[in-house]
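Student: I have a chain on my screen and would like to talk through its fold. Could you take my questions one by one?

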Amino acid sequence: MRFRERPRRRVLINITSLIDVLFLLLIFFMVSSTFLEQPGMKLDLPAAKSFEVEEQKELVVHISPRGEVFLGEQQVSLDTLKARLELQVAVDRERPLVLRADKDAAHGRVVEVMDVAKQAGVRKIVIATRVPELSRDRERR
């Protein structure tokens, strides 16, 4: 007697849906996680009884509405400004330059002064602005 052999079934486990779920979970945790960053190192600095406070003075250049350039209180030409700024920068390279230009000063003149300052080696230029009266009143409240 000959028995008929039943064909063997191959058992396959389909893991495609499992992989999909794993990727969805991975994406969920990546998106919902928050990363804490330490803002800086906390140090307990030692105290000193003798100290010297060094105040960093800034260079101030004024530009009048007529285009006149002042280094501090003294009127200077662009060539003189460059030479004086080079002297100041040689002493303190990190000293910032505050540029106080009148609102009616020509834009081109302001750019010329900024260019001269850069050529003299000034690394940081700060453009001074005036705080409007309304914002001052709000700050007082």
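Student: Which residues does Ser64 touch, not counting residues up to four places away in sequence?

Tutor: Keep in mind that this is a predicted model. Ser64 is found in the loop between strand 1 and strand 2. Leaving out residues up to four places away in sequence, Ser64 touches Phe70, Asp102 and Ala105.

Student: How far apart are the C-alpha atoms of Ser64 and Ala105?

Tutor: Ala105 is among the residues that Ser64 touches. Along the chain the two are 41 residues apart. Their C-alpha atoms, Ser64 to Ala105, are separated by 6.1 Å.

Student: Does Ser64 count as buried or exposed?

Tutor: The cut-off for buried is under 20% relative accessible area. Ser64 has 12% relative accessibility, so the residue counts as buried.

Student: Which residues line the largest pocket?

Tutor: About 250 Å³ of space lies in this pocket. Strand 1 and strand 4 each supply at least two residues of its lining. The lining of the largest pocket consists of His62, Ile63, Ser64, Phe70, Arg100, Ala101, Asp102, Lys103, Ala128, Thr129 and Arg130.

Student: And by class, how many nonpolar, polar and charged residues are in that lining?

Tutor: Ile63 and Phe70 are among the lining residues, and so are Arg100 and Asp102. Sorted by class, the lining has four nonpolar, three polar and four charged residues.

Student: Where is Val98 found, and which residues is Val98 in contact with, leaving aside its neighbours within four places in sequence?

Tutor: Val98 is found in strand 4. With 10% relative accessibility, Val98 counts as buried. The C-alpha atoms of Val98 and Val60 are separated by 4.7 Å, although the two are 38 residues apart along the chain. Leaving aside neighbours within four places in sequence, the contacts of Val98 are Glu58, Leu59, Val60, Val61, Val126 and Ala128.

Student: What is the relative accessible area of Gln75?

Tutor: Gln75 lies in strand 3. Leaving aside neighbours within four places in sequence, Gln75 is in contact with Glu68, Val69 and Phe70. Gln75 is partly exposed, and its relative accessible area is 48%.

Student: Let's turn to the helices. Why do the buried residues of helix 2 line one face of the helix?

Tutor: In helix 2, the buried residues are Leu81, Leu85 and Val89. Seen down the helix axis, these buried residues fall within an arc of 65 degrees, so they line one face of helix 2. As a general point, an α-helix has 3.6 residues a turn, so residues three or four places apart point the same way. For helix 2, the value to remember is the arc of 65 degrees.

Student: Which exposed residues are on the face of helix 2 turned away from its buried side?

Tutor: On the buried side, what covers the residues of helix 2 includes strand 1, strand 2, strand 3, strand 4 and helix 3. The face turned away from that side carries the exposed residues Asp79, Leu87, Ala90 and Val91.

Student: Which residues of helix 3 are buried?

Tutor: Helix 3 has 14 residues and runs from 107 to 120. What covers its buried residues includes strand 1, strand 2, helix 2, strand 4 and strand 5. The buried residues of helix 3 are Val110, Val113, Val116, Ala117 and Ala120.

Student: How wide an arc do they cover around the axis of helix 3?

Tutor: Their directions put them on the same side of helix 3, because they cover an arc of only 125 degrees.

Student: Which residue follows helix 3?

Tutor: Helix 3 reaches 20 Å from its first C-alpha to its last, close to the 20 Å expected. The residue after helix 3 has a positive phi, near 100 degrees, and is Gly121.

Student: Stepping back, what pattern does the protein chain follow along the sequence?

Tutor: The secondary structure comes to four helices and five strands. Of the 141 residues of the protein chain, 17% count as buried. Read along the sequence, the pattern is α-β-β-β-α-β-α-β-α.

Terms used
Residues are numbered from 1 along each chain as its sequence is written. This is a predicted model: local features need pLDDT of at least 70, side-chain atom pairs count only at pLDDT 80 or more; totals for chains, interfaces and linings use all residues. Side-chain values use heavy atoms; hydrogens and water are left out. The expected span of a helix is 1.5 Å times one less than its number of residues. Buried means under 20% relative accessible area, exposed over 50%, partly exposed in between (1.4 Å probe, protein chains only). The arc is that of the directions from the helix axis to the C-beta atoms. Contact means heavy atoms within 4.5 Å. On a 1 Å grid over the protein atoms alone, a cavity is a set of points where a 1.4 Å probe fits but cannot get out, and a pocket is an open set with protein on both sides within 12 Å along at least five of seven lines; lining residues have an atom within 4 Å of a point. Grid points are joined across faces, edges and corners, and a volume is the space filled by probe spheres set on the points. Ala, Val, Leu, Ile, Met, Phe, Trp, Tyr, Cys and Pro count as nonpolar, Asp, Glu, Lys and Arg as charged, and the others, Gly among them, as polar.
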